[in-house]
Every structure is written in structure tokens, then in C-alpha cells.
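Student: I'd like a close look at one part of this protein, and then a walk from there through the rest. Could you take me through it slowly?

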Amino acid sequence: MLVGVGIGPGDPELLTVKAARLIREADAVFVPGRVAATIIAPYRTDVEVLSFPMTDDEAYISRCIEENAERIAPHARDGLAVFCILGDPNFYGTFSRLTEVLERRHPDVACSTVPGISAITAFASVAGVHVAGGIGVSDGSEEEARLLLKVKRPQETAARLRTEGFDDFVLVEKMYMDGQQVVRNDALPEESSYFSVLFARKKR
């Protein structure tokens, strides 16, 4: 199995307990550069540094991701492989692109993620900013998805979002708590817990 582990914004003490444990226990640990290797050094030093270039050359980026997938696959197939990524592996990271290649070339390799402290919450802490109410987060591209917190009436909320062009929905209720549920699209309930997050996306 390959686990994408979020290692936070840069402070080794901001790794989660689960992240530190997996890094220590893994049969192989991969990092996308020296910065990540430095962050996890208190937990593991025998790591393989992969090249994930910061460039606008999309062809080169794709080639590197494919090469990295081939290096990781044998370790993930035979044991536990961990790929450490700054911030959170599901939030503006390269891990999703890596897993897309693995799913296509090595469908027998299972992939999962462990969340880490993202740049958003880290920024709020460093800057002393209290985030509340409606906010927008973007990498500068056109909005394709939206996250809504504390969604108590998912069906009603989804109906409103459909008028804005959103047509793919995932609701997670009580995540990492007893009673966790993940439901999608037509299965959205009329009502849900205060501890609910709705993800809405415009299908490409």
C-alpha cells in the first residue's frame, strides 16, 4: 500500500502522531525534495528523495511523475510505502497526480492518505488571523470546486449549488468520529449533523 502522508507547513513538531508513526513503521519512505526530508528527519533519515520539479513544463512534470510512480510501485505492492508531502496530500498537492498514474499503470497498488496541517490553517496561526464566515481559496485558476462546512440540509444546499453549475457532490458526516458516513450525489440526506462537510464540484 502507498500512503500519502501530510507533514504540515515546515515545523517537524506539527506532524500528527499518526504521520510520525507511519513514517517510522514504513518499509520505504519517499519525499519530493530535500525540504520534506529535513522536516521528517527527527522521525526517519533513510528516505528516497524523488524529483518533482517546480516548472511550467507540463511534459517534463508528467514524465517525472510517471518515473516516480514506477520507482514507488514495487515497494507499495510488497509492503507499506509512505510518500511525504508538505501540507496536506489532498489539498493542492502532487499526490493526486501520482495516484492517477499508479491507478492507470498499477491498479493492484492500493493508495490512501493521512491529512496534515494545510497552508490555510498554518497561515491563520502564523498571521494571527481568525478565519470565519464565507471565504474563498484559490490557486488563481477558475473555480471548479467548493467546500461548505456545517451543512445541516445537504439536499437543499446541493439544489442551490446546481444553479451555479455544480453537479458532483460528496458529503462527509462526523469524519474521524463514531458514526462517520460518506455519501454522494443522489444519496445525500435531507438533514445531517453539525459535523458535516459538503464538497461540490463541476465535472470536467
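Student: Let's start with Ile 120: is Ile 120 buried, partly exposed or exposed, and why does it count that way?

Tutor: Before we dig in, keep in mind that this is a predicted model. Ile 120 counts as partly exposed, because its relative accessibility is 31% and that class covers what lies between the 20% and 50% cut-offs. You'll find Ile 120 in helix H5, which covers residues 119-127. Now look at its company on the surface. Ile 120 belongs to a nonpolar patch of about 640 Å², made together with Tyr 92, Phe 123, Val 129, Val 131, Ile 135 and Val 137.

Now let's turn from the surface to the sheet. Five strands form an open sheet, and if you walk across it the order is E3-E2-E4-E1-E5, with parallel pairing. E3 and E5 (111-114) stand at the edges with a single partner strand each, so one side of each has no neighbour in the sheet. As background, strands of a sheet pair through backbone hydrogen bonds, either parallel or antiparallel.

Try following the pairs one at a time. E2 and E3 run parallel and share two bridges, and Phe 30 has Glu 48 as its bridge partner in E3. E2 also pairs with E4 in the parallel sense, over three bridges; here Ala 28 is matched with Ala 81 of E4. Over at E5, the partner is strand E1 (residues 2-6), again parallel, with four bridges. One bridge there joins Val 5 to Val 114 in E5.

Stay with E2 for a second. In a regular strand the side chains alternate between the two faces of the sheet. You can see that in strand E2 (residues 28-31): Ala 28 and Phe 30 point one way, Val 29 and Val 31 point the other way, and all are buried.

Strand E4 also brings us to the aromatic rings. There are four aromatic pairs by the count used here. Take Phe 52 and Phe 83: their ring centres are 5.4 Å apart and their planes sit at 65°, so this pair is edge-to-face. Phe 52 is in the loop between strand E3 (48-49) and helix H3 (58-78), while Phe 83 is in strand E4 (residues 81-85), so the pair ties together parts that are 31 residues apart in sequence. Both rings belong to buried residues: Phe 52 has a relative accessible area of 13%, and Phe 83 comes in at 0%. Ring pairs also bring in Phe 95, linking Phe 52, Phe 83 and Phe 95 into a cluster.

For another pair, go to Tyr 194 and Phe 195. Their ring centres lie 5.2 Å apart with the planes at 90°, so they are edge-to-face too. Tyr 194 is partly exposed at 41% relative accessibility, and Phe 195 is partly exposed at 46%. A ring can also have a charge over it: the charged end of Lys 202 sits over the ring of Phe 166, 4.9 Å from the ring centre.

That leads nicely to charges. Side chains of opposite charge can pair when their charged atoms come close. The model has 14 salt bridges. In one of them, Arg 104 meets Glu 66, with the closest N and O atoms 3.8 Å apart. This pair links distant parts of the chain, since Arg 104 is in helix H4 (residues 95-105) and Glu 66 is in helix H3, 38 residues apart. Arg 104 is exposed at 54%, whereas Glu 66 is partly exposed at 25%. The two are also part of a salt-bridge network with Glu 70 and Arg 105.

Two other salt bridges are worth finding. Arg 146 pairs with Glu 143, the closest N and O atoms being 3.0 Å apart; Arg 146 is partly exposed at 23%, and Glu 143 is partly exposed at 36%. Glu 156 and Arg 153 meet at 3.0 Å, N to O, with Arg 153 partly exposed at 33%.

Last stop, the backbone. Most residues other than glycine have a negative phi. Lys 150 has a positive phi, near 55°, and lies in the loop between strand E6 (145-149) and helix H6 (154-162). Tyr 176 has a positive phi too, near 60°. Its loop connects strand E7 (168-173) with strand E8 (181-184), and Tyr 176 is exposed, with a relative accessible area of 64%.

Definitions and conventions:
Residues are numbered from 1 along each chain as its sequence is written. This is a predicted model: local features need pLDDT of at least 70, side-chain atom pairs count only at pLDDT 80 or more; totals for chains, interfaces and linings use all residues. Side-chain values use heavy atoms; hydrogens and water are left out. Rings of Phe, Tyr and Trp (its six-membered ring) pair if their centres lie within 6.5 Å; planes under 30 degrees apart count as stacked, over 60 as edge-to-face and the rest as tilted. Buried means under 20% relative accessible area, exposed over 50%, partly exposed in between (1.4 Å probe, protein chains only). A charge sits over a ring if NZ of Lys or CZ of Arg is within 6 Å of the ring centre and within 35 degrees of the ring normal. Patches are made of residues with over 30% relative accessible area and no salt bridge: like charges are joined within 9 Å, nonpolar side chains (Val, Leu, Ile, Met, Phe, Trp, Tyr) within 5 Å. Accessible areas come from the Shrake-Rupley method with a 1.4 Å probe; for residues, only the protein chains shown count as cover. A salt bridge is a side-chain nitrogen of Lys or Arg within 4 Å of a carboxyl oxygen of Asp or Glu. Two strands pair if DSSP finds at least two bridges between them.
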